2 protein chains.
Amino acid sequence: MAVIAVLGYGTVGSGVVEVMNTNRELIQSKAEQPVDIKYVLDLRDFPGDPIQNMITHNYDDILNDPEVEVVVEVMGGVDPAYSFVKSALQSGKSVCTSNKELVAAHGAELMRIAKENNVNFLFEASVGGGIPIIRPINRSITSDRIEAVTGILNGTTNYMLTKMDTEGLDYEDVLKDAQAKGYAERNPAADVEGYDACRKIAILASLATEKTVSYEDIYTEGITNISTTDMLYAQKLGGIIKLLGKAGFEDGRVWARVAPAVVSSDNPLSMVSDVFNAILLKGNMLGDVMFYGRGAGKLPTASAVVSDIVDAVRHRNINLGIKWSEEKQELMDIDDVKVSKLVRVEYAQKDSAIAAVGNIFAAKDIIELEGAEDEFAFVTKKASESEINSRLEELLNTDGINGILNTIRMEG
Amino acid sequence: MAVIAVLGYGTVGSGVVEVMNTNRELIQSKAEQPVDIKYVLDLRDFPGDPIQNMITHNYDDILNDPEVEVVVEVMGGVDPAYSFVKSALQSGKSVCTSNKELVAAHGAELMRIAKENNVNFLFEASVGGGIPIIRPINRSITSDRIEAVTGILNGTTNYMLTKMDTEGLDYEDVLKDAQAKGYAERNPAADVEGYDACRKIAILASLATEKTVSYEDIYTEGITNISTTDMLYAQKLGGIIKLLGKAGFEDGRVWARVAPAVVSSDNPLSMVSDVFNAILLKGNMLGDVMFYGRGAGKLPTASAVVSDIVDAVRHRNINLGIKWSEEKQELMDIDDVKVSKLVRVEYAQKDSAIAAVGNIFAAKDIIELEGAEDEFAFVTKKASESEINSRLEELLNTDGINGILNTIRMEG
């Protein structure tokens, strides 16, 4: 018999209660014992709700109850989640969390404290919602050197970009639509500026390097500059624009970034539409493997949390030994990372602009869009970001060129 | 320190040696100890090969060596693999295998023997090659009732169908191409008749039900009757024809089949091309999750085998408790399973044929292909296979209808 406390009765918290109730017998069978919720911590009361008698407003009730074996942290945000989780682990309780901010900010430390106390800190739901990805990285991809992790890690922006691509709607219109549907917050920055994806790629990169990749070190660019014209150029190239979190591991050097990219149609990530997420891993032996599913939502996220509860209960007093140390993983300067970019050029004089692109970038294939006046686009060869930027500056100073309208990275 | 023996130095066996050598340090770190191969069992000698001194022709050398902790069975086929694996487990050695025939035929029994001897019988590579799927089902999808498992489980046929779809080539031509590329055997029956996919869906269905789904009970239809004309009809419907292994779990009843199906373009399986495989799970809380990657090939398959070795070594004397009993899981009669079908009709008199389809199937949308003379197609409503078959018989006995050219199941 395992006794659980849930911190936070919001979307995910109520989902955890629903999953535990709906699949009670199955979960008991997988956990090899009954699993019951004793407390739900929330500031509010929920009169009439089946959990009304489990509600406590005082975290100490949970912390000081030796019966509580697993604390489920689904409050979100770093404070007070961090201090609650830390004290739970120090009291010998395992913790399962869906909280990407917490994991990105304090994952390694919490993992160490869990180990010191012979319990577990599990966070399957913090990346990719319901998609099994944390456990597969830790326990399935154990014979491969991971060369790259690339993910569509934010459902809101993927919904917006899909709609811009398929319906030709403007950024502002799809944002309003996403807000109306409840996918985007009133203040959408966490999604559209890439901050959410940034924390998730930081977690994945940390697991891949077994050190701490700090999310603050990751170059992060959102989708606010993506227009329907960009989408049309991407389509002409046989691709689609996606917001990718990506980390590369080459020759002992590590880099990571969040940015929109033109994903070619033969890349399986190009097929990930709407609110779905996916994570593509490249192993040196395995090649590409992709994990796909619902990256958010009450029940999928709660399902991942409950799978962690089952794991915690099955590994009572056995630390699962996830390798993620507090040692900082230095990242390459993003300027040194090699990319290829789609560049949109506004010209004053077309022929001389094309000639300049040919001279400076050795790019011959000019892409033109019907209806896009005084502009064309081209794709650079692969080079470091800094080299591309200095060539762009040179281009900008050339007669016949009025401006650079946008640049978007290409993803093979 | 863990000592390994590899049974069979064919494609996968030599891949296992290559993965262990290439990623030696990483594997040692994940396994938390050195992992070394001491024996390779093969009938042949390999003079000059780095493993030449490890070769033995006598299985007893391995069985009777108490140092050997993990036996890797990558010979394929049921005999003598079955007796080798059984005696290894009985001697207290864990076994990792890529052998789907063996797992489909004797999985539950070997799992029981492993448990009795406090060792492990692991088979990640037996389904989906390098794709992590067995371990995620057993250890990640632990809070969901699985409602359906649908997979593109055979790379050879997926390569052939992709080529028929994109290049408009005939079945016979793509078969020759697949044979020339080494994807298909001289006798291609195991692939093209669906036998390979059948064993894999039997394994997945057994894990989902925790009982034994016998592959012999599974309705199995290959791709030999699929033509480029069928492909064109599928395209007109916005879909693509794939060979699917599928098992459904509804109201305590279980069914399974292997058959070609028209997969609609909003189903993520439609995007799985060439030799890639994918498995789509539907959980009652999670919704859809998909696992995608290389379903075959030396290194991806070997990588999955080595991940099992790491798991076996990390769980020395701890049986992982995979739930798959020898109790037989009865399957629904396939005639009672509800489907919708694409039906191609050859007519003598078009108007009366269309009227008959309207009368008998209440189908109004007639699909016509340019160049396909004296025929059209329609899609039935969802009904049991037996109901559809009896209506097809009725249709066949109607004036104006010359024949039924093909029927293909529709996959949402």
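Tutor: Two residues are in contact if their C-beta atoms, placed from the backbone, lie within 7 Å. By that rule, 38 residues of chain B and 38 residues of chain A take part in the contact between the chains. This is a predicted model: local features need pLDDT of at least 70, side-chain atom pairs count only at pLDDT 80 or more, and totals for chains, interfaces and linings use all residues. Residues are numbered from 1 along each chain as its sequence is written, while chains are lettered from A and ligands numbered from 1 in the order in which they are written.

Student: Which elements give two or more residues to the side of chain B that touches chain A?

Tutor: They are α1 (11-22), α2 (24-31), α6 (134-139), β12 (287-294) and α12 (298-314) of chain B. The most come from β12(B), with 8 residues. Helices (H or I, at least four residues) and strands (E, at least two) are DSSP runs, numbered from the N terminus.

Student: What makes β12(A) and β12(B) a pair?

Tutor: Pairing takes at least two DSSP bridges between two strands. Strand β12 (residues 287-294) of chain A has 5 bridges to β12(B), and the two run antiparallel. One bridge partner of A:V289 in β12(B) is B:G293.

Student: How do you know that β7(A) pairs with β11(A)?

Tutor: Count the bridges again. β7(A) and strand β11 (residues 276-283) of chain A share 6 bridges in the antiparallel sense. There, A:A148 stands opposite A:K282. β7(A) also pairs with β9(A), antiparallel, over 4 bridges. In β9(A), A:A247 is the bridge partner of A:V149.

Student: Why does B:D196 count as buried?

Tutor: A residue is buried with 20 or more other C-beta atoms within 10 Å of its own, exposed with 12 or fewer, and partly exposed in between. B:D196 has 25 C-beta neighbours inside 10 Å, so B:D196 is buried. Its place is in helix α10 of chain B. Beyond its neighbours within four places in sequence, B:D196 is in contact with B:N154, B:A190 and B:D191. The C-alpha atoms of B:D196 and B:L153 are 8.0 Å apart, though 43 residues separate the two along the chain.

Student: Why is α10(B) called largely enclosed?

Tutor: Of its 15 residues, 14 are buried, so the rest of the structure largely encloses α10(B). In chain A, strand β7 (residues 146-152) is mostly covered, with 5 of its 7 residues buried.

Student: How do you know that the span of α10(B) agrees with what is expected?

Tutor: The rule is 1.5 Å times one less than the number of residues. For the 15 residues of α10 (195-209) of chain B, that gives 21 Å; the end C-alpha atoms are 21 Å apart, so the two agree. Just after α10(B) comes B:E210, with a positive phi near 65°.

Student: Which residues have the most contacts inside the largest nonpolar core?

Tutor: They are A:V72 and B:V72, in a core of 270 residues. Such a core is a set of buried Ala, Val, Leu, Ile, Met, Phe, Trp, Tyr and Cys residues joined through C-beta atoms within 7 Å. Leaving out residues up to four places away in sequence, A:V72 touches A:I4, A:A5, A:V6, A:L7, A:V16, A:C96, A:V305 and A:I309.
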